[in-house]
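Reader: Hello! I would like a close look at the aromatic pair in this structure and the residues around it. Could you walk me through that part?

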Amino acid sequence: EAGAWLVGDAGSKNGTYVDGTRVTSGALLPVRDGGSLRFGDVPAKFWLPKSFCVDLRRRMKSKG
């Protein structure tokens, strides 16, 4: 929406979280580049494509 990414929850049992804040049913929270998401007990990281590529290159160098 207007260049921003938004996360909602469709009434899940275990909750959806953006940077530690629970998303209430019907609400939309903006998520930032590098922000943390959690779907119940499942953690995730939100990366825009450019940031994802930078992070991936960094991780590959550290393993090589």
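Author: Happily; I will start with the basis of the values, then turn to the pair, the core and the chain as a whole.

This is a predicted model, in which local features need pLDDT of at least 70, side-chain atom pairs count only at pLDDT 80 or more, and totals for chains, interfaces and linings use all residues. Residues are numbered from 1 along each chain as its sequence is written, and side-chain values use heavy atoms, with hydrogens and water left out.

The structure holds one aromatic pair. Its partners are Trp5 and Phe46, with 5.6 Å centre to centre and 55° between the planes, a tilted arrangement. For such pairs, the rings of Phe, Tyr and Trp (its six-membered ring) must have centres within 6.5 Å; planes under 30 degrees apart count as stacked, over 60 as edge-to-face and the rest as tilted. Trp5 belongs to strand β1 (residues 5–8) and Phe46 to strand β6 (residues 42–46), so the pair ties together parts that are 41 residues apart in sequence. Helices (H or I, at least four residues) and strands (E, at least two) are DSSP runs, numbered from the N terminus.

The two partners differ in cover: Trp5 is exposed, at 52% relative accessible area, whereas Phe46 counts as buried, at 15%. Here buried means under 20% relative accessible area, exposed over 50%, and partly exposed in between (1.4 Å probe, protein chains only).

Phe46 also leads us inward. The largest nonpolar core has six residues, and Phe46 is one of them, alongside Val7, Val18, Val23, Val31 and Leu37. A nonpolar core is a set of buried Ala, Val, Leu, Ile, Met, Phe, Trp, Tyr and Cys residues joined through side-chain atoms within 4.5 Å. Val31 is a good place to see the pair and the core together: beyond its neighbours within four places in sequence, Val31 is in contact with Trp5, Val7, Val18, Leu37 and Phe46. Contact means heavy atoms within 4.5 Å.

Val18 brings in strand β5 (residues 35–39), where Ser36 is placed. Not counting residues up to four places away in sequence, Ser36 touches Val18 as well as Tyr17, Asp19, Gly20 and Ala44. Ser36 is partly exposed, with a relative accessible area of 30%. Tyr17 has a charged partner too: the charged end of Arg38 sits over the Tyr17 ring, 4.0 Å from its centre. That label requires NZ of Lys or CZ of Arg within 6 Å of the ring centre and within 35 degrees of the ring normal.

Stepping back, the protein chain has one helix and six strands, in the order β-β-β-β-β-β-α along the sequence. The helix, α1 (residues 49–63), holds Cys53, which is partly exposed at 36% relative accessible area. Cys53 and Gly20 are 25 Å apart in space, C-alpha to C-alpha, and 33 residues apart in sequence.

Across the protein chain, buried residues make up 22% of the 64 residues. The radius of gyration is 14 Å, where a compact globule of 64 residues would have one near 11 Å; the value is taken over C-alpha atoms, and the globule rule is 2.2 Å times the number of residues to the power 0.38. The C-alpha atoms fill a box of roughly 45 × 30 × 15 Å along the principal axes.
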